[in-house]
Each structure stands twice: as C-alpha cells, then as structure tokens.
Amino acid sequence: MTNRFELLTRQSRNVLVTVAAVFFFTSLVLMIAGAPPLAAYYHIFKGSLGSWIKFSHVIKSWIPLTLCACGLLFTFRIGLWNIGIEGQVMMGAVFTTAVLRLGLESQMPSIIILGSIIAGLIGGALWALIAGFLKTKGGVNEIFAGLGLNFVAQGVILWLIFGPWKRPGVASMSGTEVFPPALWLPQLASLRLSLPALGIVCLALILTALILRYTKIGLHLKAIGSNSSAAYLFGLKPARNMVLAMIFAGGFAGVAGSLQVSGVYHRLLPAISSNYGYLALLVAMLSNYNIWLVPLVALFFACLNVGSIQLPMALQLDSSLSGVIQGALVLAALGIHGWRRARNRGQKSEDRKQKTRLRSSELRRSKQRSEDKAE
C-alpha cells in the first residue's frame, strides 16, 4: 500500500511539474504574440466551462481524445509509437459511414447504428493491422508506416467525398450528405450530447485498466516492452504481441472515428478526425501512461481545444494563435518528457553504480574475513 501511495504521489508530482512547465511556456508564447496571458487563460476557461452548452462541447471533444489515448496505452506499453492512430480514426469513420449509407432505408435504425460502431472498430483495427504487419514482417518502422497510412486514409476520405459519396449534384469540403436523425446516435436534445458515447468511453477506460493490469496480455505487453530480447527466453512472441497491441489501438481509434460520424457530425467530413489522434499522443505521454490520469489530462486538452476558439473573438487575436498555443503545448510536453526520461536513465545508472560499489565492498569484507580465519 505504501509503495502504491508513493508511486501515485510521484506520478502526480510529475504531472504537476509538466503542467506548470506547459503553462510557463504557453505564457511566454502569448506574451511574445502580444496577448495578456491571464486574460487569455480567463477566456479559455470561460469559453470551455462557462455554461453547460460549452461544457457539452468539451465533453464531445473529450470522448474521442480519451478513446484514442486508451488505445495508445497498449502500443506504448510494448514500446511502439503508433503515429498512425490519426489514420485509424479516419478509417473507423469511413467504415461507419459505409454501414450507415447501406442502412438508409432500414426499418431497424438501432441495429444499423450498433453495426456501424462495430464496423468502425473493425475499420480502425484493420488499418492498424497493416502498420503492424509492415513493422513485424517487413521491418518498416511503425512511425513511417503510420504517417504513410495517415496520408492514404486522408486521400481515401477525399476521394469518397468528391467521388462515389458526393452529395447529389454537389461535391465540396462540407462532406457527404447528412444522415437522417433516425441514424444518429441518441443524444440529449438540450445539450446535443450523446450519453451512449459517454458510456462507451467509460467502458473503454475500465476495459483498458483491466486488460493492462490483470490479464496475461497486459503482462506480456509489459514484459516485451521492458526487454524484447529477454522476452524470447520466457517463450513470449514479440511480433505477435506487437500486432495484437496495434489491433487494440486501432480498434479504440476506429470507435472514436465512428462516434464522430454517428454522434457529432452525422456525416463524413474531410477533417473528421480533428487531429484527435495526434493530440491523444500527448494525452498518453502527459498522463505518464497511467490509465486513471488519462481522462483528467484529456479533459484539460479538451478544455483548451474548445476554449481557445474564444481568443480571436474576445481579444481580437489572430485565429491562428490557438494553433500556436497547441503547438507550444506539444513542444513543452515533449521537452518535459525527454527531460524526465533522461533523469530516469541517470537515476538508474546511479543506482547500478551504487549496487556495484556495495557488492564490491561486500566482496572485500568477505575476502578479509576469509584471510583472518586462515591466519
């Protein structure tokens, strides 16, 4: 219990240090841009949590972020950088749109909606499976494979919107035709917030925690991620587990894309992923790969994402500043992450030296005792 408390305290301290550094760096960027930081933070807070309607927008942003971050925990656990999660969100949206289009005339919309979510899960998992096979069978780094597949997925969406799935007589960046309300995920009319989508995220959090912590799969992922060479000695198969981790990540991302179609936009858009996949990488890193910190960090980014839209209107700042702030957050988070890893490596090296010194000292004392007995 004491060790767990110390671990939780250390992780909370790391998150606080990271958030403080992020705020410092972001404030610096705001001052350079000529914006008062305190006023900017006030408008971000007011723009995200100032009313129930704004808070519902935050939750709509929080849902795909949390789902993608849950999936990324599987690939991070085994040491893979699943940059392709953005494309996996897109393909989940494409598969969902395909099923919803097939069910336009159906008399059982609930079945069609459920089938579309399952199709989204399958679409994301299949797209991740390609990256997994390229990594394990072709020796292609998962970062390059993922980035390439992201471009392909974006191309597929544009081709569908301007080609086979274009609106009758119109093809534009506004996306495909809006689905009838019967094929929308049920939502609260006053807030336009989908409670089933919220339930799916809570289920994803619990499943991720259970799988990573209490199952053989989670144990294998952790063992291989710690030392893939040693894992062979224990009969584990790194390649198979890497593909499995990619499937988990792609499945969660595919569901996120599915909910974007059926619960938020009700059609397929070119920007259906809204960069939530890339942002989820930061969420997973800032939460220190702790599943219970993921929803909190995701909520922070969702608030920033929604609240920063107010800056151009409230402070007459350029609309691109919100993107600059998010870029500053990325740099700050990566900097802190790199510093923390370097510090951990230094600490481990110091611990090994200390153990070596203790072992040498013990050997000298043992040798001295043997010599004393001989005399």
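## A walk through an all-helix chain

Let's start inside: the residues that line the largest cavity split into six nonpolar, three polar and two charged. Keep in mind as you look around that this is a predicted model. About 80 Å³ of space sits in that largest cavity, and the count of cavities of 30 Å³ or more comes to one.

So which residues line the largest cavity? Reading along the chain, you meet Lys-60, Ile-63 and Pro-64, then Arg-192, Leu-193, Ser-194 and Ala-197, and finally Leu-259, Gln-260, Gly-263 and Val-264. Two elements each give two or more residues to this lining: α3 (52-77) and α10 (238-265). Of the elements, α10 has the largest share, with four residues. Lys-60 and Arg-192, both in the lining, count as charged, while Gly-263 goes with the polar ones, since Gly is put in that class.

Now step back and take in the whole chain. How many helices and strands does the chain have? It has 14 helices and zero strands, so the pattern along the sequence is simply α repeated: α-α-α-α-α-α-α-α-α-α-α-α-α-α. Of the 375 residues in the chain, 44% are buried. Then there's the question of which parts of the sequence touch. Take the contacts between residues at least 6 apart in sequence: 77% of them join residues at least 24 apart.

Let's zoom in on one helix, α12, which runs over residues 294-307. Its 14 residues reach 20 Å from the first C-alpha to the last, close to the 20 Å expected at 1.5 Å a residue. Is α12 mostly covered or mostly open? Mostly covered: 10 of its 14 residues are buried. Start at Val-294 and Pro-295, and you are already on buried residues of this helix. Further along come Val-297 and Ala-298, then Phe-301, Ala-302, Cys-303 and Leu-304, and the buried set finishes with Val-306 and Gly-307.

One last stop is a pair of side chains. The chain has one salt bridge by count, and it brings together Glu-142 and Lys-135, at 3.2 Å from N to O. That pair counts as a salt bridge because the distance falls within the 4 Å limit. How covered are the two partners, Glu-142 and Lys-135? Glu-142 has a relative accessible area of 7%, so it is buried, with the cut-off for buried being under 20%. Lys-135 has a relative accessible area of 27%, so this residue is partly exposed.

How values were computed:
Residues numbered from 1 in each chain as written. Predicted model: local features only at pLDDT ≥ 70, side-chain atom pairs only at ≥ 80, totals over all residues. Heavy atoms only, no water. 1 Å grid on protein atoms, 1.4 Å probe; cavity = no way out; pocket = protein on both sides within 12 Å on 5 of 7 lines; lining within 4 Å. Points joined across faces, edges and corners; volume = space filled by probe spheres on them. Expected span 1.5 Å × (residues − 1). Buried < 20%, exposed > 50% of the residue type's maximum accessible area, 1.4 Å probe, protein only. Salt bridge = Lys/Arg side-chain N within 4 Å of Asp/Glu carboxyl O. Contact = heavy atoms within 4.5 Å.
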